[in-house]
Amino acid sequence: MNFPLEQPIFQFFYWLVNTPGVGAGVVGLLVGAAITTFALTLRWIASAKDVEQEAYPYPPKL
Amino acid sequence: MQQTLTLHDRDELLTPLYQFDRKFWTTIAALVLVIAPGILLYIRQLVLGLGVTDLNRPVFWGAYLVNFIFLIGVSMAGTVISATLLLLKVNWRRPITRIAESLTVFGLMTAGLQIIMDMGRPDRLVFTLLYGRLQAPLMWDIASLTLYLLTAIFALYLQLLPDIALLRDTAPATAPEWRKKLYTILSLNWRGNKEQWTRLEKAMLVVSIFIIPIGISLHTVTSWLFSTTVQPGWKSTILGPYFVVGAIYSGIGLLFIATTFARYYNKHLKEYITEKFYENLGWFFIVMSGVWFYFTLNETLVATTEQETLEFPVVAAKLFGEFAPAFWGMNLLMIAATWILVAPKFVSDKPSRNLFLQTTTGLAATAISVVIFALLSLRLPALSDPNLQTGLLLAFFLFFLLALLGVTKWLKTRLITATVIASAFVLFGMWLERWNVLMPTLTHARLAPYTTYHPTVTEIAVTISTFGILTLMFVVFYKFFPSVSVWEVEEGRALEQGSGD
């Protein structure tokens, strides 16, 4: 009978969930990916050029 | 998109940001007084250790963790409500979205503090990361909370961006230089051209889609965390959705209180945050109340019916034991809140001579029912006779009913007051619900002798301090940024007039 942990893929999963510090690494990756995405989105918004020369609403015409 | 800002809007929404009047400083001073004792007692806890609290094995989570779950709940709702209303294109959402989103950010920040306060050695917090394993539910909680906090900050910032540019461009000459500089940096060179508006709205849409499942994951992860401890009362599949429903329910309550506080603080906001918002979100509040009652019944009924050896003492402690005042108090608060929201809709606003519908009758009956409830909760030896207890219970229900009937007509013409009272009841009731989930289980833990838990002065002061910090964040933040999203309100007006694109 094959024991799942004889297979490298399950050995990897075992290492992934059981190794101290790896959990923080995964959280770090998740947080890092989120921060990078948010920063790139803000850069994408800020860098938008006015192609049609729309009226600039700020400062408002009072 | 062409935006127009009237002089009227500028006066009402932006000018107060530069006025540090007596009202502001009095609020700050009052909040400092509320927060200071908690901070001092926490420093004492830090020096002397957790012995100054009533935390001990097996009750290793107490008032701090109740606060944590409560705050996670109320904060979950803010951005989720805002995102849902945005996706559904609900127009009346516009004046309240910013308050809702900021509540999420501040709620999560204060919730995070509770974890640190619950640790005897907060300097060891870093060990949870250094030695944290992916299989540990605590890691899932950290991942979910951090991701939700970051996404909520991002959602709030996106929504603030055009208004920060507005502040940058309309700052009065008397405004401090550092403040002008702050707005310039934070506005990220926002020019408000068509392409920027298109990109901003796309980003807001994507964030709104993602933040709803992240928000739900945050609160269900907390319930998973409980389930994996295999403690009686926590091994329940209903706990996840029950937490989410409770979170949305209490979150709406906090949103009502925060918007009313903002309206009180800046009288001009009454023009933007109108009764329409209280009426519309109030219906959803009533729906959530019904769902919450169903889940509460479900959770209690299953454990009562199965009478499992380990589970039943936990339920019995809630129904008849030491946690009965908290459990029945929670239910009575929720019944009163639902009545306050629903009943006034079914009575006429004409004056009535019926004695049962008089406000004085209602107030007198409220006072009597509170006294009877307190007497029953104190379990005085003099009142231990079962016949006397039954009589007191019947008297309580009679006066409780009279109290509800008596205030109905008074509330009929006071929609906002009624909503705020109901919200306060729901918030207090939901704090008790979190207490009722945590404490009966921890004091009746598996494989440990039964014990008791009574929060000490330190824990009570830190709890009060936490809510003070939450309010302080709210007050200070809205002295720098408008509490109503100016651009969204203007956009809404343009759409209503049919001139928006």
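A helix here is a DSSP run of H or I with at least four residues, a strand is a run of E with at least two, and both are numbered from the N terminus. For packed helices, axes are lines fitted to C-alpha atoms over the stretch in contact, and angles run from 0 to 180 degrees between N-to-C directions.

This is a predicted model, in which local features need pLDDT of at least 70 and side-chain atom pairs count only at pLDDT 80 or more, while totals for chains, interfaces and linings use all residues. Residues are numbered from 1 along each chain as its sequence is written, and chains are lettered from A and ligands numbered from 1 in the order in which they are written.

**Overall form**

Chain B has 17 helices and zero strands. Its radius of gyration, taken over C-alpha atoms, is 24 Å; the globule rule gives 23 Å for 501 residues, so chain B is as compact as a globular protein of that length. That rule is 2.2 Å times the number of residues to the power 0.38. Along the principal axes, the C-alpha atoms of chain B fill a box of roughly 75 × 70 × 40 Å.

Two residues are in contact if their C-beta atoms, placed from the backbone, lie within 7 Å. Among the contacts in chain B with a separation of 6 or more, 84% join residues 24 or more positions apart.

**The core**

A residue is buried if 20 or more other C-beta atoms lie within 10 Å of its own, exposed if 12 or fewer, and partly exposed in between. Of the 501 residues in chain B, 44% are buried. A nonpolar core is a set of buried Ala, Val, Leu, Ile, Met, Phe, Trp, Tyr and Cys residues joined through C-beta atoms within 7 Å. The largest such core has 132 residues, and those with the most contacts inside it are Ile248(B), Ile252(B), Leu255(B) and Ala337(B). Helix H6 (residues 137-170) of chain B gives the largest share of this core, 19 residues. Beyond its neighbours within four places in sequence, Ile252(B) is in contact with residues including Ala77(B), Ile81(B) and Phe284(B).

**Two helix pairs**

Helix H3 (residues 63-87) and helix H16 (residues 457-477) of chain B pack at about 20°, with their axes 9 Å apart. H3(B) and H16(B) are therefore roughly parallel (an angle under 35 degrees). Ala63(B), Tyr64(B) and Asn67(B) of H3(B) make the contact with Glu459(B), Thr463(B) and Thr466(B) of H16(B).

Helix H11 (residues 311-319) and helix H15 (residues 415-443) of chain B pack at about 125°, with their axes 9 Å apart. This pair is therefore oblique, the class for angles that are not under 35, over 145 (roughly antiparallel) or 65 to 115 (roughly perpendicular). In this pair, Val314(B), Ala317(B) and Lys318(B) of H11(B) meet Asn436(B), Pro440(B) and Thr441(B) of H15(B).

**Loops and a helix end**

Two residues have a positive phi although they are not glycines.

| Residue | Phi | Loop in chain B | C-beta atoms within 10 Å |
|---|---|---|---|
| Lys89(B) | about 55° | between H3 and H4 (97-117) | 8 other, exposed |
| Arg379(B) | about 55° | between H13 (359-378) and H14 (386-412) | 12 other, exposed |

The loop between H2 and H3 of chain B holds Pro58(B), and the peptide bond from Arg57(B) to Pro58(B) is cis, with omega near 0°. Leu48(B) lies in helix H2 (residues 22-48) and counts as exposed, with 12 C-beta neighbours inside 10 Å. From Leu48(B) to Phe70(B) is 22 residues in sequence and 27 Å in space, C-alpha to C-alpha.
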